[in-house]
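Colleague: Got a minute to go through this one with me? I'd like to hear how the labels were earned.

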Amino acid sequence: MAYEGLDFYHIDQMLSEEEILIRNAVREFVSGEVIPIIERHAREATFPSHLVLKLGELGVYGSTIKGYDCAGLNPVAYGLIMQELERGDSGIRSFASVQGGLCMYPIYTYGSDAQKQRWLPAMARGEKIGCFGLTEPDFGSNPGGMITRAEKKGDGWVLNGNKMWITNGGVADVAVVWAKTADGIRGFLVERGTPGYTTNDTHGKFSLRASVTSELHFADCHIPADAILPGAKGLKGPLSCLTQARYGIAWGAIGAAQACFDEALRYSKIRIQFDKPIASFQLVQAKLAWMATEITKAQLLALRLGRLKDAGESLPSQVSMAKMNNVKIALDIARMCRDILGANGITDEYQCGRHMANLESVITYEGTHDIHLLVIGEALTGIPAYA
Ligand SMILES: Cc1cc2nc3c(=O)[nH]c(=O)nc-3n(C[C@H](O)[C@H](O)[C@H](O)COP(=O)(O)OP(=O)(O)OC[C@H]3O[C@@H](n4cnc5c(N)ncnc54)[C@H](O)[C@@H]3O)c2cc1C
């Protein structure tokens, strides 16, 4: 039976015809191109690179950007795309989020005309891949303490430092790298192959196995003067990119939760114990009811946030709340679905285990669950409690 997302509150009625068409096109793509191959890639810890150009044809990269061969969609349509991609796998959604929200967005928002012309159309088509280097071995939740330095030398810059846990790092043609300068934190576009710039992929992950995660190393790496993003000054540059990407994660997590719920609901109706389908037991129904309720609340949170964003009224703390809540409920739902599947739930013949493991990364990256609690706490009290 074809996958149909849960829509307990008839939320589709709150979407435009265009939004539904876009969502359904991505849903169909995921059913046809991602679901059949993703378990093998996760098992073998390989990135399905053959999907990169196809996703470009589908228009998922930088899809809210106007011009530069991008789709120019509204934030809700973008969110629905992220939801459907993550129904397939958080790694596929991460690839698209980083490409669009963390690379194309800063180039579009803070880049020069030449940088935009050079990178955006090629990235929209998936011909060029980007990564976003902010986190360092000793600076994760506190990126402002970063050690990576860029110093002016002659008519260019020299970069020194290390970035860690960088999605797409090993496959990226261009890295958006954040570094301290005499003038504060600035962003730079560093091209693959630049002498002094090397990458190492991170192995042994039990999470996001179908996604490339890498370290970036810069050792006396000379880059030209025009590698700097002229419009990004200070920590608010990278933080604004993270707000973009976190918005997509808030939607994406719903897709992972829906995939698990769909699987567990179907399973509960056909798995017979004590001569009855397990769906007929009250304790199983209580789990299904709780999950459907949490998915519905997450959908309403994401949709309202999307409409606020479309009106230019969304706040970073509202994005934090949606990212924090939706990833947490998705992780809890993945674990609960794994339980409903019994022993079968621990094999990769079923999706729940993969989603559960993936969501352990999603709850940590782009601001951990607890850091988002602190963002909301600061918005409520006016008192920052980070340090
Ligand atoms: C698969 C994967 C992909 C990633 N991709 C990228 C990427 O593309 N680009 C990039 O730049 N980064 C990326 N990251 C890094 C990610 O953003 C960081 O892991 C994240 O910011 C947390 O930093 P940390 O791992 O150093 O944890 P830490 O900051 O060391 O946190 C550890 C624990 O301490 C808690 N903690 C920290 N500070 C406080 C505080 N003030 N109050 C209370 N609790 C606190 C945290 O909530 C957490 O529970 C990725 C990470 C993963 C796992």
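Colleague: What makes H3 largely enclosed by the rest of the structure?

Modeller: Buried means under 20% relative accessible area, with exposed over 50% and partly exposed in between (1.4 Å probe, protein chains only). In H3, 14 of the 14 residues are buried, so the rest of the structure largely encloses it. Bear in mind that this is a predicted model, where local features need pLDDT of at least 70, side-chain atom pairs count only at pLDDT 80 or more, and totals for chains, interfaces and linings use all residues. Residues are numbered from 1 along each chain as its sequence is written, and side-chain values use heavy atoms, leaving out hydrogens and water.

Colleague: How do you know that the span of helix H3 agrees with its 14 residues?

Modeller: The expected span is 1.5 Å times one less than the number of residues. For residues 75-88 that should give 20 Å, and the end C-alpha atoms are 20 Å apart, so the two agree.

Colleague: Why is Thr-167 to the ligand called a polar contact?

Modeller: The term takes a pair of N or O atoms within 3.5 Å; within protein, one must be able to donate a hydrogen and the other to accept it, and residues adjacent in sequence count only if both atoms are side-chain atoms. A polar side-chain atom of Thr-167 lies 2.8 Å from a ligand nitrogen, so the pair fits the cut-off. A backbone N or O atom of Trp-165 also lies 2.7 Å from a nitrogen atom of the ligand, and a side-chain N or O atom of Thr-368 is 2.7 Å from a ligand oxygen.

Technical notes
Helix = DSSP H or I, 4+ residues; strand = E, 2+ residues; numbered from the N terminus.
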